[in-house]
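Here is a short walk through one protein chain. Keep the sequence and the 3D view side by side as you read.

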Amino acid sequence: MNLFMAVVLVGVVLYELFTGNIPVRYGSTVSRKRSISRSERPIAFWFWVILQALIAVLFGFGIINL
């Protein structure tokens, strides 16, 4: 289960890196007012990407267990 969660989070991080947006409202980027864009808010974007990647690594190594 931990490896599955790690793979899902890695997929989410790759999607965010590819699109440059982090959807934060209802799971879609339809409302661009609420999404975190790499071009508009780079510090917040990289903070959340690094945090999600760290959580994925912790899941992958089994440090966080569900």
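The paragraphs below go from the overall layout to the first helix, then to single residues and aromatic pairs.

This is a predicted model. The protein has two helices and two strands. Read from the N terminus, the elements follow the order α-β-β-α. The protein has 66 residues, and buried residues make up 29% of them. Its accessible surface comes to about 4800 Å². Carbon and sulfur atoms hold 70% of that surface. Now take the contacts with a separation of 6 or more. Residues 24 or more positions apart account for 48% of these.

Start with helix α1, residues 2-19. Does its length fit its residue count, or not? At 1.5 Å a residue, its 18 residues should span 26 Å. The C-alpha atoms at its ends are 26 Å apart, so the span agrees with the expectation.

Next, ask which residues of α1 are buried. They are N2, A6, L9, V13 and E16. Around the axis they cover an arc of only 90 degrees, so they sit on the same side of α1. What do these buried residues pack against? Their partners are β1 (21-22) and α2 (42-60). Turn the helix to its other side. There L3, F4, V7, L14 and F18 are exposed. Just after α1 comes G20, which takes a positive phi of about 85 degrees.

N2 deserves a closer look. This residue is in helix α1. Its relative accessibility is 18%. The cut-off for buried is under 20%, so N2 counts as buried. What does N2 touch beyond its sequence neighbours? Leave out residues up to four places away in sequence, and N2 touches F59, G62, I64, N65 and L66. I64 also appears in a polar approach. A polar atom of the N2 side chain lies 3.5 Å from the backbone oxygen of I64.

L9 is another of the buried residues in α1. Pair it with I55, which lies in helix α2. How far apart are the two? In sequence, 46 residues separate I55 and L9. In space, their C-alpha atoms are 7.9 Å apart. I55 itself has a relative accessible area of 29%, so it is classed as partly exposed.

Finish with the aromatic rings. A pair of aromatic rings is described by the distance of the centres and the angle of the planes. How many aromatic pairs are there? The count comes to two. One is formed by F45 and W46. Their ring centres are 5.2 Å apart, and their planes meet at 85 degrees. That pair is edge-to-face. The other joins F47 and W48, with centres 5.1 Å apart and planes at 75 degrees. Planes over 60 degrees apart count as edge-to-face, so the F47 and W48 pair is edge-to-face too.

Now check the exposure of these four residues. Is F45 buried or exposed? Its relative accessible area is 0%, so F45 is buried. Its partner W46 has 38% and is partly exposed. In the second pair, F47 is partly exposed at 48%. W48 is partly exposed as well, with a relative accessible area of 37%.

Methods:
Residues numbered from 1 in each chain as written. Predicted model: local features only at pLDDT ≥ 70, side-chain atom pairs only at ≥ 80, totals over all residues. Heavy atoms only, no water. Helix = DSSP H or I, 4+ residues; strand = E, 2+ residues; numbered from the N terminus. Expected span 1.5 Å × (residues − 1). Buried < 20%, exposed > 50% of the residue type's maximum accessible area, 1.4 Å probe, protein only. Arc of directions from axis to C-beta. Contact = heavy atoms within 4.5 Å. Phe/Tyr/Trp six-rings, centres within 6.5 Å; stacked < 30°, edge-to-face > 60°. Areas by Shrake-Rupley, 256 points an atom, 1.4 Å probe, with all protein chains shown as cover. Polar contact = N/O pair within 3.5 Å; in protein donor to acceptor, adjacent residues only side chain to side chain.
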